[in-house]
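Student: Could we go through this structure together, one question at a time? I would like to follow the reasoning as well as the result.

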Amino acid sequence: SRLLTIFLVFFLFSVPVITAQDEDYGAKISNLINKSNTKELAQYFNSTIQLVLPGDEGRYSRVQAEFIIKDFFNNYPPKSFNINHQGSSSDGSEYYIGDYKSGKKTFRTYFLVKKNNDQKLIHQLRFEEDK
């Protein structure tokens, strides 16, 4: 009974910590996108990343992806970016969905995050224009 109580207390207090870390991760990426800070954003990319952008779709190395995203931010400077939804899949990956506003255009944005050697890395990043 005492062991069960200790386990329950540990479990109840460990859940919010995990959630807070996830929110921090989403907030960190969101902040980098809002600032169009491609150099720092690319540090969160997996060694290869799938990009989906207006007129461009493919799998790229971290370095190539950094230049492609930089070009996207130059063509569509951020007015605002907000994450509207986040969740996780049964395989342990996490996803974030938001709206990226630039001028009069809005892009539905999605990024997929997976753990790689205990580090969360972005494996897929999409900016798809809302029509």
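**Sheet, core and salt bridges**

Tutor: Happy to! Let us begin with one side chain: Glu129 is partly exposed, with a relative accessible area of 30%. Please keep in mind that this is a predicted model.

Student: Which residue meets Glu129 in a salt bridge, and what is the N to O distance?

Tutor: Glu129 lies in strand 6, and its partner lies in strand 5, so the pair ties together parts that are 24 residues apart in sequence. The partner is partly exposed, with a relative accessible area of 32%. That residue is Lys105, and the N to O distance is 3.6 Å.

Student: How many salt bridges does the count come to?

Tutor: Side chains of opposite charge can pair when their charged atoms come close. The rule used here takes a side-chain nitrogen of Lys or Arg within 4 Å of a carboxyl oxygen of Asp or Glu. By that rule the count is 3.

Student: Are Lys120 and Glu94, which meet in a salt bridge, buried or exposed?

Tutor: Their side chains come to 3.2 Å, N to O. Lys120 lies in strand 6 and Glu94 in strand 4, so this pair links parts that are 26 residues apart in sequence. The cut-off for buried is under 20% relative accessible area. Lys120 has 17% and Glu94 has 12%, so Lys120 counts as buried and Glu94 also counts as buried.

Student: What is the separation of the closest N and O atoms in the salt bridge between Glu128 and Arg126?

Tutor: Let us place the two residues by accessibility. Glu128 is partly exposed at 35%, and Arg126 is partly exposed at 22%. Their closest N and O atoms are separated by 2.7 Å.

Student: Now the sheet. Which strands are its edge strands?

Tutor: The sheet is open, has 6 strands and mixed pairing, and its order is 2-1-6-5-4-3. An edge strand pairs on one side only. Reading the two ends of that order gives strand 2 and strand 3.

Student: By how many degrees are neighbouring strands of this sheet turned against each other on average?

Tutor: Take the neighbours along the order 2-1-6-5-4-3. With direction ignored, the average turn between them is 15 degrees.

Student: Which residue in the turn between strand 1 and strand 2 has a positive phi?

Tutor: Strand 1 (45-53) and strand 2 (residues 56-61) pair in the antiparallel sense over 6 bridges. Leu51 stands opposite Gly58, and Leu53 stands opposite Asp56. The two strands form a hairpin with 2 residues between them, and the one with a positive phi of about 80 degrees is Gly55.

Student: What is the bridge partner of Gln50 in strand 6?

Tutor: Strand 1 is mostly covered, with 7 of its 9 residues buried. Strand 1 and strand 6 run parallel and are joined by 4 bridges. In strand 6, the partner of Gln50 is Gln124.

Student: Which element gives the largest share of the largest nonpolar core?

Tutor: This core has 27 residues, and those with the most contacts inside it are Ile122 and Phe127. Among the elements that give two or more residues to the core are helix 1 (2-34), strand 5 (105-116) and strand 6 (119-129). The largest share is 5 residues, and it comes from helix 3.

Student: What angle does the direction of helix 3 make with that of strand 1?

Tutor: Helix 3 packs on the sheet, touching strand 1, strand 2, strand 4, strand 5 and strand 6. Phe127 has contacts with residues including Ile69, Phe72 and Phe73, and also with Val52 and Leu53. The angle between the directions of helix 3 and strand 1 is about 35 degrees.

Student: One last residue: what distance separates the C-alpha atoms of Pro78 and Lys101?

Tutor: Pro78 lies in the loop between helix 3 (62-75) and strand 3 (80-88), and is partly exposed with a relative accessible area of 23%. Beyond its sequence neighbours up to four places away, Pro78 touches Ile33, Asn34, Ser36, Phe73, Tyr100 and Lys101. Pro78 and Lys101 are 23 residues apart along the chain, and their C-alpha atoms are separated by 6.0 Å.

Notes. Residues numbered from 1 in each chain as written. Predicted model: local features only at pLDDT ≥ 70, side-chain atom pairs only at ≥ 80, totals over all residues. Heavy atoms only, no water. Buried < 20%, exposed > 50% of the residue type's maximum accessible area, 1.4 Å probe, protein only. Contact = heavy atoms within 4.5 Å. Core = buried A, V, L, I, M, F, W, Y, C linked by side-chain atoms within 4.5 Å. Pairing = 2+ DSSP bridges. Axes fitted to C-alpha atoms, helices over the stretch in contact; angles between N-to-C directions.
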